[in-house]
Structure formats: C-alpha cells, structure tokens
Amino acid sequence: MRVTKADRKLMRAMNNRQILQLIRQYGPIARPDLAFQTGLGLSTISIIVAELIQAELVREVGEAESTGGRRPSLLDLNPNARYAFAMKVAPDRFWVSLVDLKGKPRATVEVPLIPPVPWDDLAQMAVKQMETLRTKHRVAKRWILGIGVSTSGLIDPHTGVCRSSPLLGWNEVPVRETLERMTRLDVLVENDVNAYAFGMWAQENEGGRRNLICITTGPGVGAGIILEGKLYHGSQGGAGEFGHTTIDLHGPPCKCGRRGCLEVLASDQFLLARATDLAGMGRSARLLGLVKEGQLTPASFYKAAQAGDEVARLIYRELGEHLGCGLVNLINLFNPDKIILGGEGVVAAPFFMDTVRQTVKNYAFPHLADSVEIVVDDGGEEVWLQGAALLVVEQFFQIPAST
Ligand SMILES: [Zn+2]
C-alpha cells in the first residue's frame, strides 16, 4: 500500500497529540521516557517536542536524575498555553469562568439576573463578560479553544440545543448556535449534572477510576454517569434522568406527570411536603410554627434539624432511605467504582448519609455494595464550571482520526 502525503500528515498529527497527552498525564517527563512509552525513536520525539515547545504547549521545567551522562531535561504541559470559557446558567444568575489547560479557573464572575431573561439577552451578557475576562487577563483570542456551557434540562449533545428545561423555562433553545454566531468559537453544551460529573472525574482520574456516578440532590435530583471514562448520554441525551426513576408506583405526584419519582421523594420538595404533613398532625411545634408563618423553606427546615427537632431529623432519614434506594438501583445496574453526592442538598448530609449507606448495605448486591465508595462533595460552583470547560479542553487533546 502506498503511503500518501495525507497519511504522513495524519500520522504526524496523531503522534503529536499522543505525545502531548503523555506529557499532560505524566509530566514532568523526560524525552527518553516518552520514547520508551510510545516506541518512537528519540529523534522523532525530539522533533515533535520541539514543535510543541514552539507552539508554547510544552515547556522545559528542570532536569531529571542522571542515569550516567548528561541529565535529560524534563517536559511539562504549559497550562497557560490555551484557555476555555465555561458558562453555567441558573434561573436567577449565571457564571462565566476562564479556565486553563489543566482545568484551573483563572477567574470567575457571577452575574445575578432578574428572571425571566430571554436567551438571546442572556447570551449577549455572557459573551460580554467573557470578553472582559479575556482582555483583563491578557489572553489572545486565538488561544481560546471554545466555550463549554452547562445548563439544567434535556440537552441534545450533538446539536447543543436545550430541548427542555422546566427549571429555566426553556424549550428548544439553540444554545450552541447562538454562542457560536456571537463569538465564532466552538461551543459544547452539556447538562449541568453531566458537566459536574465530568469535572469530578477529571479530579478523580489520577486514581485510575473508570466508572463514576455523580448524584445531585437539592431542588431536584439528577445523575451524571461516567462509564469507561466517558460521559454516558444515552441515545437522545436523556440518560441520567435519575430524578424521574420510579421508587414508589403509588407515591405522590411528580411535575413530570407520573407518580413516586425519586425526585418527589428525595428532594427539597419531599422535605417541605412531609414537614407540612407531620406538623399538621401535631408532631412538631417548631415545624408547625414555620408552616403557619409561611417560613418553611429548605434552609429553615435544615436549621430545625440542627436545633435538634426530632421530626425534622426523622424526615431527613426518610429522604436518606429513598435516596439510598435510588443508589441501590444505580449500583446494581452500573457497578461503579465510586458515587459522589453533590448539589445544594448535601449541606444536610450528616442527617441522611448514615441511612443512605445502611440502605445500600441492606439492598444492593453484596459484592457490588462492598466495592463502591460513596462520598459527599460539599464544594462550591468551581467544579461545575471546570467540568464544562474541560469538555472543550478534552476535545483539544483528542488524537485526530482524520486530517
Ligand atoms: Zn417525575
């Protein structure tokens, strides 16, 4: 078979990315180690490394221990060589972040909104913030790889259209198309829990974990599923509608039109409805007081539990049992290495995690339950934004399949 000029170009591009990936993963690393890892000759490695240094993607950061003879210099990724923007949208605010190649945010701005804000206006505001960040931090436009957007709702990952988000009041919003038109940058749109899971996976990846599930609880319940190191979308982007898996066929109605969804039984909605019921039966004077004053909110409910209200604590344990039941199903289906619980609801994790763990122990398949690590992440917005930006960064590091 004849090797064409195009074949050679592709091979060169593939080697270039492979070496960049190795430096990203194992740096600081010396040229001979790259040759050993790839099976390429040292002279080829040196040529490619020179190109990467020329493009400012890689830099020399010191010298390795000598194994006799001259000490080889060490190479590492230059995190400031390229950047991506991240954008996260909530009903009453949005965030924009400038993130480097290692996923570290250089700067983040949070902009409050008075809803409803039409998508076009919101996009314009976000693009303006991106421009301000870029100029303030003196990043040339050609160093920006693209924009990663995370929003709630059902997203078509191929078209970047938000098919529907009840939380944002969006239907068929062309997120990618609008931002690409405004910025001429590549745009990737992802469901927010998926972006969160991807950000978490990037942090966890050093442990070599392949299967990770992130679950969020709070105003709603969601799941982002990473299988074999890749976000799992399902055939229409709807995988991870974990909140609408059925826990109780005869349970309370859900806004999706069905009954007994996990979301009605393990979100803020459950806490408030159950508190109102039990307070009405005279079980807790404190909760009844909150109901009567119209002051029953997830925050005041949490305070009641903190102050020792036994009924509030009982309700958290009930929520833990429902959430645990959801976890049992995920564990039996996917056999993950790790499950991370995040979202606003985890402030109250000390009140429900024991029950979650006990439910998993009692109901999941024993071998699967023993091997999964379940942890709580009570960090802030950062990882949600990092995840969105890293989706763009990841694409940059992909080994090309064609020129
Ligand atoms: Zn539902």
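Two strands count as paired when DSSP finds at least two bridges between them. That rule underlies the sheets in this predicted model.

Start with an open sheet of five strands. Its order is 6-5-4-7-11, and the pairing is mixed. Strand 6 (105-112) and strand 11 (187-191) are the edges. Each has a single partner strand, so one side of each is left without a neighbour in the sheet. From one strand to the next, the twist averages 15 degrees.

Look at one edge of this sheet. Strand 5 (residues 93-100) and strand 6 run antiparallel, joined by seven bridges. One residue pair to locate is Phe94 with Val111, its bridge partner in strand 6. A helix also packs on the sheet: helix 6 (residues 192-204). Helix 6 touches strand 4 (83-90), strand 7 (144-151) and strand 11. The direction of helix 6 makes about 100 degrees with that of strand 11.

Helix 6 has a helical partner too. Helix 6 and helix 14 (residues 382-397) pack at an angle of about 85 degrees, and their axes are 7 Å apart. That makes the two helices roughly perpendicular, because angles of 65 to 115 degrees fall in that class. On the helix 6 side, the contact residues are Asp192, Ala195, Tyr196, Ala197, Phe198, Gly199, Met200 and Ala202. Helix 14 meets them with Val383, Trp384, Gln386, Gly387, Ala388, Leu390 and Leu391. By class, this contact of helix 6 with helix 14 holds eleven nonpolar, three polar and one charged residues.

Now place these elements in the chain. The domain assignment gives three entries: domain 1 (5-77), domain 2 (83-200 + 383-397) and domain 3 (206-379). Domain 2 is therefore written as two segments, 83-200 and 383-397, in an assignment that is automatic or taken from a database. The C-alpha centres of domain 1 and domain 3 lie 46 Å apart.

A second open sheet has three strands. The order is 8-9-10, with antiparallel pairing. Strand 8 (154-156) and strand 10 (170-173) are its edge strands, and each pairs on one side only. Neighbouring strands here are turned by 15 degrees against each other on average, direction ignored. Strand 9 (residues 161-165) pairs with strand 10 over three bridges, in the antiparallel sense. Within that pairing, the bridge partner of Cys162 in strand 10 is Val173.

Two further helix pairs deserve a look. Take helix 8 (residues 268-280) and helix 9 (residues 285-292). They pack at an angle of about 110 degrees, with their axes 8 Å apart. Helix 8 and helix 9 are therefore roughly perpendicular to each other. Their crossing is left-handed. Helix 8 contributes Ala275, Thr276, Leu278 and Ala279 to the contact, while helix 9 contributes Leu287, Leu288 and Val291. The contact of helix 8 with helix 9 has six nonpolar residues, one polar residue and no charged residues.

The other pair is helix 10 (residues 298-306) with helix 11 (residues 310-334). The packing angle is about 110 degrees, and the axes are 7 Å apart. Helix 10 and helix 11 are therefore roughly perpendicular to each other. Helix 10 and helix 11 also cross in the left-handed sense. From helix 10 come Phe301, Ala304 and Ala305. From helix 11 come Ala312, Arg313 and Tyr316. The residues of this contact divide into five nonpolar, no polar and one charged.

Finish with the backbone geometry in three loops. The peptide bond from Gly27 to Pro28 is cis, with omega near -5 degrees. Pro28 sits in the loop between helix 1 (5-26) and strand 1 (29-30). Another cis peptide bond joins Pro115 and Pro116, where omega is about 0 degrees. Pro116 lies in the loop between strand 6 and helix 4 (119-136). Glu56 is not a glycine, yet Glu56 has a positive phi of about 65 degrees. Look for Glu56 in the loop between helix 3 (42-54) and strand 2 (58-63).

Technical notes. Residues numbered from 1 in each chain as written. Predicted model: local features only at pLDDT ≥ 70, side-chain atom pairs only at ≥ 80, totals over all residues. Helix = DSSP H or I, 4+ residues; strand = E, 2+ residues; numbered from the N terminus. Axes fitted to C-alpha atoms, helices over the stretch in contact; angles between N-to-C directions. Contact = placed C-beta atoms within 7 Å. Parallel < 35°, antiparallel > 145°, perpendicular 65-115°, else oblique. Left-handed = near helix turned anticlockwise from the far one by under 90°. Nonpolar A, V, L, I, M, F, W, Y, C, P; charged D, E, K, R; others polar.
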